[in-house]
Amino acid sequence: MRSIFLPKSLPAAALVVVLAGVGAQNATADQISTASVAVASDDGAELRFLELADLISQSCAPDVSSGTDDVASASTADTTAAEPTPDSTMPVLVDEVPLTAEEECAAERHAWRLSRAFSGTDTATYEEMQKKLTSLNYPAARIYRMPDFSGEPVARLDLRVGADHLALEATGTHLGVMVRAFGAPEGVSVTEVTLEPQLDAPTS
């Protein structure tokens, strides 16, 4: 270890300052290291999700001969979505947009994964739901808590990649989850999209 020599005339106060500076540098290095680990963890979760989304997208890729009407309709719907008012601090609710055939296919595959993972479990809290969703490679940054529905936890997943619109809403039940897909306009949080009420699916 290299020794640090200080002049004999160096005041004690200066020595304290030097040592304090060394301590501050070590503390800063520790903080940077901790922050780097957190960022790397988030990046890893996002990377795993993107790999999952890419696999699902490839399995749902349309035939070369298919048309582009679905894409055009979704893009047109984006331009008619309500824009937030600059002077308002309240969230502006917007209507959902149509999903393309490819997005609907991807929605079915994501919904199947969720239904299978939650099957037979009583998801009583949002925290339990979020933990399960993150274990399925959905990053915490893409999971949003929504108001409970009849006492059951509700979460929305932002599955948009690039110019896609796909999002899911998962509602906990005593036997698993109910999953609903919807289209979120570009530049709008999935929490600000209003969905039409749906009747519960028949149980028999």
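This is a short walk through one protein chain, from its overall layout to a few chosen residues. The model is predicted.

Start with the whole chain. It holds 204 residues, and 30% of them count as buried. Four helices and six strands make up its elements. Their order along the sequence is α-α-β-α-α-β-β-β-β-β. Two helices open the pattern, a strand follows, then two more helices, and five strands close it.

Next, consider how the chain meets itself. Take the contacts between residues at least 6 apart in sequence. Of these, 57% join residues at least 24 apart. The surface comes next. About 13400 Å² of the chain is exposed. Carbon and sulfur atoms supply 57% of that area.

Now turn to helix 3. It runs over residues 101-118, which is 18 residues. From first C-alpha to last it reaches 26 Å, close to the 26 Å expected at 1.5 Å a residue. Which residues of helix 3 are buried? They are Glu103, Cys105, Ala106, Ala107, His110, Ala111, Leu114 and Phe118. A general point helps in reading such a list. An α-helix has 3.6 residues a turn, so residues three or four places apart point the same way. Just past the end of helix 3 sits Gly120, with a positive phi of about 80 degrees.

Move on to the aromatic rings. How many aromatic pairs does a search of the whole structure find? It finds one. The partners are Phe49 and Tyr138. Their ring centres lie 6.2 Å apart, with 50 degrees between the planes, and the pair counts as tilted. This pair links distant parts of the chain, as its partners are 89 residues apart. Phe49 belongs to helix 1 (residues 12-59). Tyr138 lies in the loop between helix 4 (126-135) and strand 2 (143-149). Both Phe49 and Tyr138 are buried.

Phe49 also leads to the last stop, Asp158, since the two residues are in contact. Asp158 is part of strand 3, which covers residues 152-158. Is Asp158 buried or exposed? Its relative accessible area is 12%, so Asp158 is buried, the cut-off being under 20%. What does Asp158 touch, leaving aside neighbours within four places in sequence? Its contacts there are Phe49, Arg142, Tyr144, Leu166 and Val190. There is also a partner close by in sequence. The side chains of Asp158 and Arg160 are joined by a polar contact of 2.9 Å.

Notes:
Residues numbered from 1 in each chain as written. Predicted model: local features only at pLDDT ≥ 70, side-chain atom pairs only at ≥ 80, totals over all residues. Heavy atoms only, no water. Buried < 20%, exposed > 50% of the residue type's maximum accessible area, 1.4 Å probe, protein only. Contact = heavy atoms within 4.5 Å. Areas by Shrake-Rupley, 256 points an atom, 1.4 Å probe, with all protein chains shown as cover. Expected span 1.5 Å × (residues − 1). Phe/Tyr/Trp six-rings, centres within 6.5 Å; stacked < 30°, edge-to-face > 60°. Polar contact = N/O pair within 3.5 Å; in protein donor to acceptor, adjacent residues only side chain to side chain.
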